[in-house]
Amino acid sequence: MKNQTINIIQQEEANDFVGIKIKKDKIELFIPKALRITKDSKSFAQDVLQFLMSLSLATLDDEYINQSSGLVGEEWPIDSYLWIIRDFLENGYYYNREKKYYHDNKGKIDWKKTLKNTPIYSKGNLIYDKFVTTRMSASNDIIAEIYKLCLNIAVKRIGWIFNYNFFVEARQYKSFKEMSYLIHKEYNNTFDDLKRQRFTNMIRILENCKNENALSNYSTYGIRNYYYVFERMIDKFFHGIPATQVKSFNPVGYYKLNGYEEKQASELRPDTIVLKGGNAYIIDAKMYKFGYTKSINDLPKTTSIQKQITYGDYALKVLKENNPNSKVFNSFIIPFDSKLKIFDEFKNDDNIKTTDFIYIGKAYTNWRKGTRSHESIHVFLIDFYFLLKNYRNYEVTFIDDLIAVIDKEKEIKESKEVNNNVGVRVINAQ
């Protein structure tokens, strides 16, 4: 296999394609611009893997997200690719090994079969001169060929990440549907845990292949709406309540036409809701350009601010049914590159102990006076690279940091009146 060239392409728009395109020996990796991944980094392989694995967050079994994720190409089961490559490196090619019988003195004697042979009588003794022996022999059958095919796919798609350039000779004899059926059959016929694990990963690889030419040197895996991934990562990182529970906080619109029954128009859906201390903290993950431009023009627009206030209105109604003292707080969280010097001026809040998560101010409107806590939307930035590394590991301290900032801000009275001609203002931003 030839050395492959790797190009990293930064995408600026939230709905630009992000993912990977393989064209023979050319690898194109498309990443969001605020995400910090470089080829010369010692952690490059792990960074790329985590980025590619994050794409699956947009293709999970969630009707709301799955319909809009914009999957491009085939979905890659990265975990299964990793598993089968490691299996090969540790154990070599997989073969169906079966017990074969021989009439010689090599191998283990099978006395049950040997004793069925006719013995020789000599001086009153029974002598068995034809031993039946057994040896485990590799059978280069169709299952072994399918294993090689799956390994070939895995190496072509992610082998370059680890600089694996070994060649896997493989042939495709059957369709993916037929191969998957055969592996399912093998799975059901064995109780060996390792074999079952191997077959499970082979099935995942086969069932995610849409192009019938599995040996092609061209492959694409990515999505067009990475902001869904960002929303999922934020939700996991801040430990938002389950989607089934969020639904009770969704504001819903209805139509009642004359002569017709009432019909639901649609419902608004908050990204993340955290319930703590009897209060609700609504987080809207916004994958905006502000994280690398620091331009106010690249912050959420007034429509987004109004939507957050609407979320807060309804959430407050729901909470007060059980606790009249409940409050709702709103926030935007935007990804940024913390290594950019332009954001250093914001890294001075005593309530936040890291520069990977910073507070930059708040947004509000000129038609809501801010008398209720949710009528101001607090704006935070989170380092995109940091989030990618840590979204699976829920850190309670970060939601505590967010709450501490909001608690501090709600006690501070604004010294200036809101300009009646301005629909949104972000404190401190330049």
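In this predicted model, five strands make up an open sheet of mixed pairing, ordered β13-β14-β15-β17-β16. The edge positions are taken by β13 (272–276) and β16 (357–363); each has a single partner strand, so one side of each is left without a neighbour in the sheet. Neighbouring strands here are turned by 25° against each other on average, direction ignored.

At one edge, β13 runs antiparallel to β14, and five bridges join the two. Within this pairing, L275 has A280 of β14 as its bridge partner. The hairpin formed by β13 and β14 has two residues between the strands, and G277 adopts a positive phi near 60° in this hairpin.

At the other edge, β16 is joined to β17 (residues 377–383) by six bridges, and these strands are likewise antiparallel. Here F357 is bridged to I382 in β17.

A helix accompanies this sheet. Helix α11 (residues 302–320) lies across β13, β14 (279–285), β15 (328–336), β16 and β17, and its direction makes an angle of about 140° with β15.

A second sheet is built from strands with lower numbers. This open sheet also has five strands and mixed pairing, in the order β1-β3-β2-β10-β4. Its edges are β1 (5–11) and β4 (71–73); because each of them pairs with a single strand, one side of each is left without a neighbour in the sheet. The twist from one strand to the next averages 10°.

Inside this order, β2 (residues 18–23) and β3 (residues 26–32) pair in the antiparallel sense through five bridges. K23 has K26 in β3 as its bridge partner.

Terms used: Residues numbered from 1 in each chain as written. Predicted model: local features only at pLDDT ≥ 70, side-chain atom pairs only at ≥ 80, totals over all residues. Heavy atoms only, no water. Pairing = 2+ DSSP bridges. Helix = DSSP H or I, 4+ residues; strand = E, 2+ residues; numbered from the N terminus. Axes fitted to C-alpha atoms, helices over the stretch in contact; angles between N-to-C directions. Contact = heavy atoms within 4.5 Å.
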